[in-house]
Amino acid sequence: MPLIQVEHVDKSFATGHGSISIMKDVSFIVKDADFLAIVGPSGCGKSTLLRLIQGLDRPTGGRIVFHDKGVDTVCGHMAMVFQNFALFPWLTVAQNVAFGLEALGWGKERIAAQVERYISVTGLDGFQEAYPRELSGGMRQRVGLARALSVEPEVLLMDEPFSALDALTAESLREEILQLWRDPALPPDAVLLVTHNIEEAIQLADRIVVLSRRPGRVLAEVTVDLPRPRDRKSTAFYDLTDKVFSLITQPGPVSEGPGTPEGAPAV
């Protein structure tokens, strides 16, 4: 059974000039041990979709199911890593990592042990007492990652987590995310990544859901059948990049293929 089922989800927002449709009839699944990426043009609802999946917002139509139960409130079995770090500037690194655990009502000793573990896992040893303003962008994103992993989520949601970082730092963190995901002793069971970077999606993900221009619809689901580590200079990598780019930039939506279980053609 899938971890997450997104079933015919619509989302619109009311404005002073009427309703704006952000996404329409979006369907796909997230399986156990999946690394799934969502790509699409700016404004197609990628980040909104993550918020709907975690239960931070509700769809206008359709439903989202986690472990065969509808998501109608914030799901504690998922955690989010944000593009803009979203750290509390008045808290130290250790206090930021501990924040979610305190909200869960854990005891002090248990929190301290968990914070120590995930500070070590994310390469933050020695920075426990530092404040976010004293850290580089890459280190701040590590704090956000440690905070998300410390609650040991089944699903890690990542909203363009590398877009604010320089190229070398982003590349290093991508490799670390892959190592964490592939380690059976560490969470999460699945990763759902939103990105505007097609090469990043192909480098990291096993499957890519491609969304159209607003209102976002599922144009296709692309399987990334390339061995790891993936060579960006290979012909296969280039061809796959070109395929996804062509899907995103085409004039209109692709007609949905019959019999596709996720509601979109697999390519």
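Me: Why is phenylalanine 85 called buried in this structure?

Reply: Its relative accessible area is 12%, and buried means under 20%. The value falls below the cut-off, so phenylalanine 85 counts as buried. Keep in mind that this is a predicted model.

Me: What makes the phi of phenylalanine 85 worth pointing out?

Reply: Phi is near 75° there, a positive value in a residue other than glycine. You can find phenylalanine 85 in the loop between β6 and α2.

Me: Histidine 67 has a positive phi too. Is histidine 67 buried, exposed or partly exposed, and how do you know?

Reply: Let's set the number against the limits. Histidine 67 has 38% relative accessibility; buried is under 20% and exposed is over 50%. Because 38% falls in between, histidine 67 counts as partly exposed. Its phi is about 50° although it is not a glycine, and it sits in the loop between β4 (61-66) and β5 (69-70).

Me: How do you know that arginine 207 and aspartate 34 form a salt bridge?

Reply: Look at the closest N and O atoms of the pair, which are 2.3 Å apart. A salt bridge needs the side-chain nitrogen within 4 Å of the carboxyl oxygen, so this pair qualifies. It links distant parts of the chain: arginine 207 belongs to strand β9 (residues 207-211), while aspartate 34 is in the loop between β2 and β3 (35-39), 173 residues apart.

Me: Are those two partners buried or exposed, and why?

Reply: Arginine 207 has 7% relative accessibility, and aspartate 34 has 7% as well. The cut-off for buried is under 20%, so arginine 207 counts as buried and so does aspartate 34.

Me: What makes aspartate 10 and lysine 24 a salt bridge?

Reply: Their closest N and O atoms are 3.9 Å apart, and the limit is within 4 Å, so the pair passes. Aspartate 10 is in strand β1 (residues 4-15) and lysine 24 in strand β2 (residues 18-30), so the bridge ties together parts 14 residues apart in sequence. Lysine 24, at 35% relative accessibility, is partly exposed.

Me: How do you know that glutamate 199 and arginine 232 are joined in this way?

Reply: The N to O distance is 3.4 Å, which fits the rule of within 4 Å. Glutamate 199 is in helix α6 (residues 198-204) and arginine 232 in the loop between β10 (218-223) and α7 (235-249), so the pair connects parts 33 residues apart in sequence. Shared partners join Glu171, Arg174, Glu199, Glu200 and Arg232 into one network of salt bridges. In total, the structure holds 13 salt bridges.

Me: Which class has 15 residues in the lining of the largest pocket?

Reply: The nonpolar class: the lining has 15 nonpolar, four polar and three charged residues. Among the 22 lining residues, Gln54, Met78, Ala79, Gly100 and Val151 lie nearest the centre of the pocket. Of these, Met78, for instance, counts as nonpolar and Gly100 as polar. The volume of the pocket is about 500 Å³.

Me: How confident is the predictor, and where is the pLDDT below 50?

Reply: The mean pLDDT of the protein chain is 90, and 94% of its residues reach 70 or more. Over residues 253-263, though, the pLDDT is below 50. Where pLDDT is low, the predicted coordinates should not be read in detail.

Note on methods
Residues numbered from 1 in each chain as written. Predicted model: local features only at pLDDT ≥ 70, side-chain atom pairs only at ≥ 80, totals over all residues. Heavy atoms only, no water. pLDDT = per-residue confidence, 0-100. Contact = heavy atoms within 4.5 Å. 1 Å grid on protein atoms, 1.4 Å probe; cavity = no way out; pocket = protein on both sides within 12 Å on 5 of 7 lines; lining within 4 Å. Points joined across faces, edges and corners; volume = space filled by probe spheres on them. Helix = DSSP H or I, 4+ residues; strand = E, 2+ residues; numbered from the N terminus. Buried < 20%, exposed > 50% of the residue type's maximum accessible area, 1.4 Å probe, protein only.
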